[in-house]
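Me: I'd like a close look at one part of this model. Could you pick a salt bridge, walk me through the helix around it, and then work outwards?

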Amino acid sequence: MPLGRVSRIPLSALCVTAGILSLSACGSGGSGDGVQAHYVTGADGISTVPEVDRRPTNGIKGETLDGKRIDVADFKGKVVVVNVWGSWCAPCRAETPGLVKVAQEVRDEGVEFIGINTLEADRTQAIAFEKDFGVAYPSLYDPKGKAVLYGFPAGTLNPQTLPSTIVLDRHGKIAARALQALSEDRLRKMIDSVLAGA
């Protein structure tokens, strides 16, 4: 779902959203000038980057919805699934039960889930969303989209819509991305591919 429901999003957030959308990689192949080289988008809409061409994030850290501090760099050595969401986003709501289930299933395989709640005016609705869906993994509170905008280098497989899901390999490098709501099977496919090659 494109970032939407304008009635709930402050104008400043819309400006950040425009910046997020402008960071997209335009295709596969090519190199230099900050453009992600050699990524492939499959028929299922999942984009993947060969291990040799992966790039790290710029650092994804901040305060969680419950007021704790988190830094994705602390999870190096594990595969990290980063899901960017908003409580007002219908496809986010549709995919969350599957995310919660898969997060529980793969935790013992060395996989951590982190949410980034973005473009949310206050924490109240996001916290209620997590409670309603039984979300046990932490979510950064990113009301103005700064973690999304600056956490992923320009030209990499970065979030561009809600929901977006990014999988980081065990070295903290961007390995795969989906720009739509994921079924459990497609999410497992993304994770398993990175686990096998990471």
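Reply: Let's start with R188 and D192, whose side chains meet in a salt bridge, 3.2 Å from N to O. This is a predicted model, so take every distance here as computed from the prediction. Both partners sit in helix 5, 4 residues apart, or about one turn of the helix. That spacing suits a pair like this, because an α-helix has 3.6 residues a turn, so residues three or four places apart point the same way. Neither end is fully out in the open: R188 is partly exposed at 22% relative accessibility, and D192 is partly exposed too, at 33%. For R188 that's a narrow call, because the buried class covers anything under 20%. The pair also belongs to something wider, a network in which salt bridges with shared partners join E105, E109, R188 and D192.

Now the helix itself. Helix 5 has 14 residues, and at 1.5 Å a residue it should span 20 Å; the C-alpha atoms at its ends are 20 Å apart, so the two agree. Its buried residues are L187, M190, I191, V194 and L195. Looking down the axis, you'd find these within an arc of 130°, which means they line one face of the helix. On the face turned away from that buried side you'll see the exposed residues D185 and A196. As for what covers the buried residues, the list includes helix 2 along with strand 2 (46-48), strand 5 (79-85), strand 6, strand 8 (164-168) and strand 9 (174-178).

Helix 2 comes up again at the start of helix 5. K101 and E184 form a salt bridge there, at 3.3 Å from N to O. This one links distant parts of the chain: K101 belongs to helix 2 (residues 90-106) and E184 to helix 5 (residues 184-197), 83 residues apart. Both ends are partly exposed, K101 at 38% relative accessibility and E184 at 31%.

For a contrast, try E112 and R107, another salt bridge, with the closest N and O atoms 3.2 Å apart. Here E112 is buried at 8% relative accessibility, while R107 is exposed at 51%. In total the structure holds 9 salt bridges.

Strand 6, one of the elements covering helix 5, is worth a stop as well. It runs over residues 111-118 and contains N117. With a relative accessible area of 0%, N117 is buried. Leaving aside residues up to four places away in sequence, N117 touches L65, W85, G86, S87, A126, L140, Y141, D142 and P143. In the loop between strand 6 and helix 3 (123-133) you come to L119, which has a positive phi near 55° despite not being a glycine. L119 is buried too, at 1% relative accessibility.

There's another backbone oddity to look at: the peptide bond from L162 to P163 is cis, with omega near -5°. P163 lies in the loop between helix 4 (146-151) and strand 8, and strand 8 is also among the elements covering helix 5. Both features stand out because most residues other than glycine have a negative phi, and most peptide bonds are trans.

Finally, a word on confidence. The chain averages a pLDDT of 82, with 79% of the residues scoring at least 70. The stretch to treat with caution is residues 1-37, where pLDDT is below 50, although it has 69 contacts in the model beyond near neighbours in sequence.

Methods:
Residues are numbered from 1 along each chain as its sequence is written. This is a predicted model: local features need pLDDT of at least 70, side-chain atom pairs count only at pLDDT 80 or more; totals for chains, interfaces and linings use all residues. Side-chain values use heavy atoms; hydrogens and water are left out. pLDDT is the predictor's confidence in each residue, from 0 to 100. Contact means heavy atoms within 4.5 Å. A salt bridge is a side-chain nitrogen of Lys or Arg within 4 Å of a carboxyl oxygen of Asp or Glu. Helices (H or I, at least four residues) and strands (E, at least two) are DSSP runs, numbered from the N terminus. Buried means under 20% relative accessible area, exposed over 50%, partly exposed in between (1.4 Å probe, protein chains only). The expected span of a helix is 1.5 Å times one less than its number of residues. The arc is that of the directions from the helix axis to the C-beta atoms.
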